[in-house]
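I opened the model today and kept notes as I went. Each entry covers one thing I looked up.

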Amino acid sequence: MINKFFLNVSIALFLTAGAIVAQKSSPIVVNADKPLAAIQPTMYGIFFEDINMAADGGIYAELVKNRSFEFFHPLMGWKEMKQDSAAGSLLVSNRGENSPVNPRYAHVEFDNSKGTYGLTNFGFRGMGIKKDMKYHFSVMVNHKGGNVKLNLELTDPQGNKIGQATLVPGNEVWEKYTVDITATKTEPKAKLTIWFEGAGSLDIDMISLFPDDTWKNRPNGLRADLVQLLADMKPGFVRFPGGCIVEGRELATRYQWKKTVGKVEDRQLIVNRWNTEFAHRPAPDYFQTFGLGFYEYFQLAEDIGAQPLPILSCGMACQFNTAEVVPMDMLDPYIQDALDLIEFANGSTSTAWGKLRASMGHPEPFNLKMIGVGNEQWGPQYIERYKAFHDTLKKYHPEITLITGTGPSPDGLLFDYAATELKKLNAEIVDEHYYKNPQWFLENATRYDNYDRNSYKIFAGEYAAQSVATVSPLNKNNWNCALSEAAFMTGLERNADVVYMSSYAPLFAHNEGWQWTPDLIWFNNLSSFGTPNYYVQKLFSVNKGTNVLSILKDNKTLTGQNGLYASATFDKATGEIILKIVNASDKAITEPIIIQSARRLAPAGKMTVLASKNPEEMNSIEKPQNVAPQEKPLNIKGKKLDLNLDPLSFTVIRLKTM
Ligand code: AHR
């Protein structure tokens, strides 16, 4: 796309060679003496949704799938094993109303005098196991009789044992037992088998295996490599839990945060809405166990220095699916959920929800400052419901900023309707979504240049350039898309007086378990990598600065002339001038840059270049750094730089003022 477009532009420029000379001779001018709008700390953040196995099987480090037998098919992910003429049987028991959140458990009876009986779990497309790593096994057991032991075994796909441990259950009451297994081999597709030794019977439930090296070594923790990639971005906020998952395909499967906090075994699993969404990518084993629940999301945000941004159901199920709504006179419980969430996050430990937060290990408040009302809703039903949320939340919590939205598309009738209504309602920050082709991103680098400065602020809440078409399984995280997003982001940054927040979406995808592409970070059971799009996001975020500066050529902002897009900022904390320049043309360009500054510039600056001559280039597990930032030397003569911009490149420059 970019190549063709710029080939035409280049031919046009070639035919009017005088124009080339004129362009070359006029420098880019950065005015560093006049810091303009403040850039919000939330300018660049992350959008987390449990799609593509992002939570269970992804960042949530649990290795056992269907640990409490609550999937629609209770033994999905499990297999009974019989060696020799083993005698053993398994019965799935359901306690129903006696245990409504975790009704099922497995009752096993065995006598291994003639062979061994066991149960194997295959994990999420296998279990990623690392040599010498300790794995924490736990299980709830009600020992029903007999002299029995549980022999635990990790094996590779060839059946070789790569870790083992033994556990002896005691009393005839439900009790949690734990034991560690140390792995002797690295294996991406391991499985766990519980061999039942002796003769007797047991009830078992909540069978779990976590690696020792979770993020900050937390029990019930997160995969450290994936969190590290997020932390490296230094995001300003974490939006959670989505996305459409907030809404549910129907109201019954909407995300209800209260069911995701407290003891892990008391969190009621539900189906993941992406389970059957796309016929071309079915994932019948995709559920939400909520081991990663709202407490863990708040903790994640805090750990990586980001503000939490929970998005709540506004009483409307996904309008692409059932479009169910809760009647207006039954909306109160939904609004109450929002009020209670503020108490859970910020309330003192003497409040009911603050007390629960403290009991989970966080007596200090989480410092929640904003809440999203609904995800990607549209139409008058949304405006009506948003207004009801707004009136109550502002009455009791005027300190909380409300995020609302204009629906799935950045233009068209639904967008125009929502934008007009939300403006009338003096909405604070409005979430816009752009899943468009790379050309759209280039053309929309000017989207907010003429935006009404008296209107609401913008949250560019979900965006990603689509190399083929929105929702096409053929979409790629290629350099062409990433570069067009970088061009677009210069426009967001230049307009930081109105654009307060932005995030790429979706965030994560498991190589074998994805439903939606493109995605920012891809992973398998053992490794992960950032796409070129990830590096674009990261470069913007870690080079954010505190204030916008003007950067002009021929007195105009750079929004595609000669294939160039640019933004500039100043960092008051470090005294640095930061330039971000995209060369979306397939030609190297030499640009003189003049820095207008009352201060001197240090003779050496820092230049980081993200580039590839091939717009189709991508990163992968095998080549995670195929398109990755490179540091280059940068010499400054006085206040002038002669910048060589690689073809198809994104360059970030930091200049120290003295
Ligand atoms: O990011 C994937 C989906 O795209 C989100 O769940 C939804 O908000 C949007 O339609």
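**Entry 1: terms first.** Before placing loops I fixed my terms: helices (H or I, at least four residues) and strands (E, at least two) are DSSP runs, numbered from the N terminus. I also note that this is a predicted model. With the terms set, I looked up V471, which I found in the loop between β19 and α10 (479-494). V471 has a positive phi of about 70 degrees, although it is not a glycine. Is V471 buried or partly exposed? I read a relative accessible area of 29%, so V471 is partly exposed.

**Entry 2: another positive phi.** I then went to N66. Its phi is near 60 degrees, again positive in a residue other than glycine. I placed N66 in the loop between β2 and β3 (78-84). N66 has a relative accessible area of 2%, so I put it down as buried.

**Entry 3: cis peptide bonds.** I checked omega next. The peptide bond from F240 to P241 is cis, with omega near 0 degrees. P241 sits in the loop between β12 (237-240) and β13 (270-271). I logged a cis bond between A505 and P506 as well, with omega about -15 degrees. P506 belongs to the loop between β20 and β21 (508-510). I kept P506 in mind for the ligand, since P506 is among the residues around it.

**Entry 4: the ligand shell.** Which residues surround the ligand? I listed E49, G243, C244, W274, N375, E376, Y435, E462, P506 and W516. By class, I counted five nonpolar, two polar and three charged residues in this shell. Then I went through polar contacts. A backbone N or O atom of C244 lies 2.8 Å from a ligand oxygen. The side chain of Y435 has an N or O atom 2.7 Å from an oxygen of the ligand. For E462, a side-chain N or O atom is 2.7 Å from a ligand oxygen. How much of the ligand's accessible area does the protein cover? The ligand has 280 Å² on its own, and the protein covers 96% of that.

**Entry 5: cysteines.** C244 had come up at the ligand, so I checked for disulfides. I found zero in the structure. C244 is in no disulfide, and its nearest cysteine sulfur, that of C318, is 4.2 Å away. Why does this pair not count? A disulfide needs the two sulfur atoms within 2.5 Å, so a pair outside that cut-off is not one. I looked at burial too. C244 counts as buried at 10% relative accessibility. C318 counts as buried at 1%.

**Entry 6: the parallel sheet.** I traced an open sheet of eight strands in the order β2-β12-β15-β16-β17-β18-β19-β20, with parallel pairing. Which strands stand at the edges? They are β2 (46-47) and β20 (499-504). Each has a single partner strand, so one side of each is left without a neighbour in the sheet. Inside the order I picked β18 (residues 429-436) and β19 (residues 457-465), which pair in the parallel sense over eight bridges. One bridge I wrote down puts D431 with F459 in β19.

**Entry 7: an alternating strand.** In a regular strand the side chains alternate between the two faces of the sheet. I tested this on β31 (residues 640-645). L641, L643 and L645 point to one face and are buried. K640, D642 and N644 point to the other face and are not buried. I then looked for a partner of β31. Strand β28 (residues 589-596) runs antiparallel to β31, and six bridges join them. I noted that I589 has L645 as its bridge partner in β31.

**Entry 8: a helix residue and a loop residue.** I looked up R385 in helix α7 (residues 380-396). R385 counts as buried, at 4% relative accessibility. Its side chain reaches the backbone oxygen of Q381 at 2.9 Å. Last came N562, in the loop between β25 (556-557) and β26 (564-571). N562 is partly exposed, with a relative accessible area of 24%. I took one C-alpha distance here: N562 and K587 are separated by 9.6 Å, and they are 25 residues apart along the chain.

Methods
Residues numbered from 1 in each chain as written. Predicted model: local features only at pLDDT ≥ 70, side-chain atom pairs only at ≥ 80, totals over all residues. Heavy atoms only, no water. Buried < 20%, exposed > 50% of the residue type's maximum accessible area, 1.4 Å probe, protein only. Near = heavy atom within 4 Å. Polar contact = N/O pair within 3.5 Å; in protein donor to acceptor, adjacent residues only side chain to side chain. Areas by Shrake-Rupley, 256 points an atom, 1.4 Å probe, with all protein chains shown as cover. Nonpolar A, V, L, I, M, F, W, Y, C, P; charged D, E, K, R; others polar. Pairing = 2+ DSSP bridges.
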